[in-house]
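Please look over the sequence and the structure shown here. The paragraphs after them go from the chain as a whole to a pair of helices and then to the ligand.

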Amino acid sequence: MRRFVVEVLRLHLSWLAPAVRLVILGTALPAAAQAPFGPDPEVGYALAARVCSGCHLVEPRHAGPVVDGVPSLMRIAETRDDAEIETLLLAPSHPAMPEAPLDRAEREHLLAYIRSLEGN
Ligand code: HEC
């Protein structure tokens with residue numbers, strides 16, 4: 001019975017049009033890898049939520065406990081320009097480095113997100 005199910009599945013999968021397979025593959029790829037369209041604030045938001053939110057407030061509608069003296073990304077958007085933020089990310093004065101060092105593309109996504117926060 002199991003063999004039969006596997007066989008049926010295999011047949012169905014082999015039917016899948018290459019385009020459908022590409023879509024399936026595409027959703028499995030990490031967001032940063034599929035960024036041929038330049039800095040994407042949404043990718044930046046996902047990065048901020050993953051890497052920065054342990055210490056910084058990363059979005060306006062978030063409230064809650066924050067580490068004393070850590071500016072929110074909204075505040076950073078107002079007070080720092082891109083070059084300053086990039087310098088701070090590359091040579092953090094942070095007490096602890098974010099666990100995942102960001103590559104160039106990721107930093108650009110993150111900057112695009114932080115810029116989108118201006119005025120919030
Ligand atoms: C482990 C906690 C922690 C994490 C994670 C963290 N930060 Fe920070 N960050 C701090 C603290 C604390 C400060 C303020 C004190 C300092 O500058 O050393 C700070 C300061 C900053 C500053 C400078 C603010 C200013 O105007 O002086 C920037 C920019 C910044 N963080 C960006 C980020 C970004 C972007 C991320 C995610 C990639 C991140 N941080 C992740 C703790 C953290």
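Among contacts in the protein chain between residues at least 6 apart in sequence, 66% link residues at least 24 apart; two residues are in contact if their C-beta atoms, placed from the backbone, lie within 7 Å. The model is predicted: local features need pLDDT of at least 70, side-chain atom pairs count only at pLDDT 80 or more, and totals for chains, interfaces and linings use all residues. Residues are numbered from 1 along each chain as its sequence is written.

The protein chain has 6 helices and 0 strands, where helices (H or I, at least four residues) and strands (E, at least two) are DSSP runs, numbered from the N terminus. Of its 120 residues, 15% count as buried, that is, with 20 or more other C-beta atoms within 10 Å of their own.

Two packed helices are described by the angle between their axes and the distance between the axes. The axes of α5 and α6 (residues 104-116) come within 11 Å and cross at roughly 130°. α5 is therefore oblique to α6, a term for angles that are not under 35 degrees, over 145 or from 65 to 115. In this contact, D82, I85, E86 and L89 of α5 meet R107, L111 and I114 of α6.

Around the ligand there are 21 residues, and C52, C55, L88, S93 and A96 come nearest; a residue is near if its C-beta atom, placed from the backbone, lies within 6 Å of the molecule. Elements giving two or more residues to this shell are α3 (41-52), α4 (73-79) and α5 (82-90). The largest share, 3 residues, comes from α5.

Terms used: Axes fitted to C-alpha atoms, helices over the stretch in contact; angles between N-to-C directions. Buried ≥ 20, exposed ≤ 12 C-beta atoms within 10 Å, placed from the backbone.
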